[in-house]
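Biologist: I should like a close look at a single pocket of this model, followed by an account of the side-chain arrangements elsewhere in the fold. Please state what each term rests on where the argument requires it.

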Amino acid sequence: MNRLARRLMAISVAFMTGCTPVPQSAPPARALGMADTLPPMRTFAAQRSARPTRPNAEIAQDFLDLSFRMESGRPIARMTRFEGPISVRVTGAVPASMVPDLRNLLGRFRSEAGIDIFMTGAPTASITIEAVPRAELQRAVPRAACFVVPRISSWEEFKQVRRTPQVDWTTLQRRDRAVVFVPADVAPQEIRDCLHEEIAQALGPLNDLYRLPDSVFNDDNIHAVLTGFDMLILRAYYAEELRNGMSRGEVATRLPAILARLNPGGQSGPAAPRNDTTRNWIVAMETALSSGATPNRRREAAREAITLAQTFRWDGTRDGFAHYAYGRLQVGYNPDLALASFQAAQNAYGRSPLTQIHSAHVAVQIAAFALAAGDADSVLSIVDRAIPVAAAHQNAALLATLMMFRAEALEMTGRYSEAEAVRLDSLAWARYGFGSERNVRARQREIAGLNPTK
């Protein structure tokens, strides 16, 4: 592997695994232009999301597929939800950032989804959120960063009943109790993202759909926080016209009128025809993204996903994500093919305004190639388009990474004071996005290490 491939592989692997430890042989921080101390952490203020722009006829199909199937493909026979006010409590090793983020989220549920939900200090609640050390979580459920379970309220209960029908969502008649398990010792953003997705599933739909461009209910994990589409789905889920025990058909007959009332702007325009995602495509993507298969098998699986997406003429999220995964897996093996794959992903995502945040993720990889090639102007052009998108979608890890690229490019062009200001701002966001100083420094070193002048 040549030197360029090694340097590029660092940033690609970092984005696939989260954060990597600082290598023992890393140069001192000052040699890479790093500040001696980190600035205070920056966080996002609560903000109302934009309304979805897709037609209601399309959203109705998404609602049904989200609500009446599990992620495994198992059907759900009846609709279930909480009745009456919903209380939420926190327990376990609760990190400092969790409660403010939770309060912001509950406020959004009330204002955007119309759900009567509140925090409580009582010893029991409708939804319990328990913070558990990540290592303990992953010993129990190795592939899950966080998850939600029905009918119980604690980690101790879960360990006793985890393999019993008691925690089978498909057997519910209604929802009375659920517990969300989040890692206690990871970056604030990762905890916040878990709160958004898992509490939304505790309240409503249990499925994820790879075809969705505008939702956290998608296993590509591109969206960090609940979107306007997600809030509309939850508002419809708790509409007065629906009730516990309804079948898919019963809900389907009421849904058009519900969506017309809740989202009148979605009444115009026909639904775009979309094939459902096939199981073999999902398996191929799971193999490509897993750590259990060999590198060659993972590349083959990503290639299979690209071929399937093209065969079924899936544009947008599925085609783009398959190319994105293939590119990341090729970085240390065939950098030219990796860059071509990232550009193909960018083309797929660039066809719709709904996939701007997807494009911003790909921008990191393309910027890495440009920085490693010493092309500062291209780096600035790439990241200057992506930075506002990352900020608007409240992704601090992505925002900080893009700003770190911008700082390196500014430094390469001799704009040293501007570079230092951007770098300090990136570190403030990185503290929220990556957590510990060790993780922040690791990301900073990876990007600085791509700069050929250092």
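Modeller: A pocket is here an open set of points on a 1 Å grid over the protein atoms alone, with protein on both sides within 12 Å along at least five of seven lines, and its lining residues have an atom within 4 Å of a point. The model is predicted. In these terms, 24 residues line the second largest pocket, and those lying nearest its centre are Ala50, His223, Thr227, Gly228 and His393. The volume of this pocket is about 520 Å³. Two helices each supply at least two residues of the lining, namely helix 7 and helix 13 (356–372).

I turn next to charged side chains. The model holds 30 salt bridges. One of them joins arginine 248 to aspartate 65, with the closest N and O atoms 2.8 Å apart. Arginine 248 belongs to helix 8 (residues 248–262) and aspartate 65 to helix 2 (residues 56–67), so the pair ties together parts that are 183 residues apart in sequence. The two partners differ in their surroundings: arginine 248 is partly exposed, with a relative accessible area of 31%, whereas aspartate 65 is buried, at 6%. Both residues also belong to a network of salt bridges that links Arg54, Glu58, Asp62, Asp65, Arg69, Arg211, Asp214, Arg248 and Asp276.

Two further salt bridges may be set beside this one. Arginine 192 and aspartate 193 meet through their side chains at 2.8 Å, N to O. Arginine 192 counts as buried, because its relative accessibility of 4% is under 20%. Aspartate 193 is partly exposed, with a relative accessible area of 22%. In the other case, the side chains of arginine 415 and glutamate 418 form a salt bridge at 3.2 Å, N to O. Here arginine 415 is partly exposed at 35% relative accessibility, and glutamate 418 is likewise partly exposed, with a relative accessible area of 31%.

Aromatic side chains form the next group. A pair of aromatic rings is described by the distance of the centres and the angle of the planes. There are 17 aromatic pairs in the model. Among them, tyrosine 210 and tryptophan 281 are edge-to-face, at 4.9 Å centre to centre and with 80° between the planes. Tyrosine 210 is placed in the loop between helix 6 and helix 7 (228–237), and tryptophan 281 in helix 9 (residues 279–289), so this pair connects parts that are 71 residues apart in sequence. Tyrosine 210 is buried, with a relative accessible area of 9%, and tryptophan 281 is buried at 0%. A tilted pair is formed by tyrosine 237 and tyrosine 238, whose centres are 5.9 Å apart and whose planes make an angle of 45°. That angle is neither under 30 degrees nor over 60, and therefore the pair counts as tilted. Tyrosine 237 is buried at 1% relative accessibility; tyrosine 238, at 18%, is also buried, since the limit for that class is under 20%.

Tyr210 and Trp281 belong to one aromatic cluster, together with Phe312, Trp314, Phe321, Tyr324, Phe342 and Phe369. Aromatic rings also meet charged groups. Arginine 299 lies over the face of tyrosine 333, at 3.8 Å from the ring centre. The charged end of arginine 303 sits over the ring of tyrosine 326, at 5.7 Å from its centre.

Two buried positions complete the account. Glutamine 201 is located in helix 6 (residues 188–203) and is buried, with a relative accessible area of 5%. Apart from residues up to four places away in sequence, glutamine 201 touches Glu71, Val148, Arg175, Leu206, Asn207, Asp208 and Phe217. Proline 183 lies in strand 5 (residues 178–183) and is buried, with a relative accessible area of 1%. Beyond its neighbours within four places in sequence, proline 183 is in contact with Val132, Arg134, Leu137, Ala145, Cys146, Glu190, Ile191 and Cys194. The last of these contacts can be given a backbone distance: the C-alpha atoms of proline 183 and cysteine 194 are separated by 8.6 Å, the two residues being 11 apart along the chain.

Definitions and conventions
Residues numbered from 1 in each chain as written. Predicted model: local features only at pLDDT ≥ 70, side-chain atom pairs only at ≥ 80, totals over all residues. Heavy atoms only, no water. Helix = DSSP H or I, 4+ residues; strand = E, 2+ residues; numbered from the N terminus. Buried < 20%, exposed > 50% of the residue type's maximum accessible area, 1.4 Å probe, protein only. Contact = heavy atoms within 4.5 Å. Salt bridge = Lys/Arg side-chain N within 4 Å of Asp/Glu carboxyl O. Phe/Tyr/Trp six-rings, centres within 6.5 Å; stacked < 30°, edge-to-face > 60°. Lys NZ or Arg CZ within 6 Å of the ring centre and 35° of its normal. 1 Å grid on protein atoms, 1.4 Å probe; cavity = no way out; pocket = protein on both sides within 12 Å on 5 of 7 lines; lining within 4 Å. Points joined across faces, edges and corners; volume = space filled by probe spheres on them.
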